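Me: Hi! I'd like to talk through a structure before I head back to the bench. Can you take some quick questions?

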Amino acid sequence: MDIQSYFPIWNQLTSAQQHLILDSLMERSVQKGTLIHNGSGDCTGLLLVQSGQLRAYILSEEGREITVYRLFDRDLCLFSASCMLRSVQFDLAIEAEKDTTLWVIPAEIYRRVMEESAPAANYTNEVMAARFSEVMWLIEQIMWKSLDRRVAAFLLEEGEIEGASVLKITHETIANHLGTHREVITRMLRYFQNEGMVKLSRGAVELRDKKRLEELRGT
């Protein structure tokens, strides 16, 4: 695999800009659960996912987590290079949800390319806008959507990501994604089980009635 086929605007960069990125590029393989980036004080660089799955989340002062967005194959993470984005104070942590292979572009290198290249600047703005759109969507969900609908939506999304009806996931993990307490998720899942929508077992949730979950999720 090479970055040329993963970076959408590669062919719009000059030869000098391409070599600048290639000469500084780092490839990393991280195991599931690895903390890759730990807040705005940690300028890791831009992350471009080859394969795997990453999770960007916010950690509250009380230690509660809430997932802001996820990164899959070919996704680019800008907020891991927060030192490059001085006007953005967005304190995110990023961890590997699955074993992941990725490239790291140093922040200073990408900033130089972005300052010289209009296509790179435009692409960066598009990625930034998409991420902020996801943040606004999350805020909307938290403010206006009841927790049972959010849990139903999360389970269905997880099933689509994994391509499976049996999800190997703990109540604690679901709580961390949704920014609530494990006990609250346990009560909600037990209610779902009593209603025949899921079946619970140790470390797993089986989706039994996707139609009802979809009705609960709504549009």
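Me: How many salt bridges does the count come to?
Reply: Happy to help! The count comes to 11 salt bridges. Keep in mind that this is a predicted model.

Me: Start with Glu 158, then. Which side chain does Glu 158 meet in a salt bridge?
Reply: That would be Arg 70, with an N to O distance of 2.7 Å. Glu 158 belongs to helix H4 (residues 147-162) and Arg 70 to strand E5, so the salt bridge ties together parts that are 88 residues apart in sequence.

Me: Is Glu 158 buried or exposed?
Reply: Glu 158 is buried, with a relative accessible area of 8%. Arg 70 counts as buried too, at 8% relative accessibility. The cut-off for buried is under 20%.

Me: And why can charged side chains pair up at all?
Reply: As a general point, side chains of opposite charge can pair when their charged atoms come close.

Me: OK, what about Arg 182? Which side chains does Arg 182 meet in salt bridges?
Reply: One is Glu 172, at 3.8 Å from N to O. Arg 182 sits in helix H6 (residues 182-194) and Glu 172 in helix H5 (residues 171-178), so this pair links parts 10 residues apart in sequence. Arg 182 also meets Glu 183 in a salt bridge, at 3.3 Å from N to O.

Me: How accessible are those three?
Reply: Arg 182 is partly exposed, with a relative accessible area of 37%. Glu 172 is partly exposed at 39%, and Glu 183 counts as partly exposed at 41%.

Me: Which residues are linked in a network of salt bridges?
Reply: Arg 55, Glu 65 and Glu 95 are linked that way.

Me: Switching topic: how many helices and strands does the chain have?
Reply: Seven helices and 11 strands. The C-alpha trace spans about 60 × 35 × 30 Å along its principal axes.

Me: And what percentage of the residues is buried?
Reply: Buried residues make up 47% of the 219 in the chain. As for contacts with a separation of 6 or more, 69% are between residues 24 or more positions apart.

Me: How many residues are in the largest nonpolar core?
Reply: The largest nonpolar core has 42 residues, and Phe 7 and Leu 54 have the most contacts inside it. Among the elements that give two or more residues to this core are strand E3 (46-51), strand E4 (54-59), strand E8 (100-105) and helix H3 (118-144). H3 provides the largest share, six residues.

Me: What does Phe 7 touch?
Reply: Leaving out residues up to four places away in sequence, Phe 7 touches Leu 13, Leu 48, Leu 76, Tyr 110 and Tyr 123. Apart from the largest core lies another core of 20 residues, including Val 151, Leu 155, Leu 167 and Ile 174.

Me: Why would nonpolar side chains be found together like that?
Reply: In soluble globular proteins, nonpolar side chains tend to be buried together.

Me: I always check cysteines. Where is Cys 77 found?
Reply: Cys 77 is in strand E6, and at 0% relative accessibility Cys 77 counts as buried. Not counting neighbours within four places in sequence, Cys 77 is in contact with Leu 46, Leu 47, Tyr 69, Leu 71 and Ile 94. Cys 77 and Ala 96, 19 residues apart in sequence, are 13 Å apart in space, C-alpha to C-alpha.

Me: Now the helices. At what angle do the axes of H1 and H2 cross?
Reply: The axes of H1 (residues 15-24) and H2 (residues 107-116) cross at roughly 170° and come within 10 Å. That makes H1 roughly antiparallel to H2.

Me: Which residues meet there?
Reply: From H1, Gln 17, Leu 20, Ile 21 and Ser 24 meet Ile 109, Arg 112, Val 113 and Glu 116 from H2. By class, this contact has four nonpolar, two polar and two charged residues.

Me: Last one: what is the phi of Arg 74?
Reply: Phi of Arg 74 is near 75°, a positive value in a residue other than glycine. Arg 74 lies in the loop between E5 and E6, and at 44% relative accessibility Arg 74 counts as partly exposed.

Terms used:
Residues numbered from 1 in each chain as written. Predicted model: local features only at pLDDT ≥ 70, side-chain atom pairs only at ≥ 80, totals over all residues. Heavy atoms only, no water. Axes fitted to C-alpha atoms, helices over the stretch in contact; angles between N-to-C directions. Helix = DSSP H or I, 4+ residues; strand = E, 2+ residues; numbered from the N terminus. Parallel < 35°, antiparallel > 145°, perpendicular 65-115°, else oblique. Contact = heavy atoms within 4.5 Å. Nonpolar A, V, L, I, M, F, W, Y, C, P; charged D, E, K, R; others polar. Core = buried A, V, L, I, M, F, W, Y, C linked by side-chain atoms within 4.5 Å. Buried < 20%, exposed > 50% of the residue type's maximum accessible area, 1.4 Å probe, protein only. Salt bridge = Lys/Arg side-chain N within 4 Å of Asp/Glu carboxyl O.
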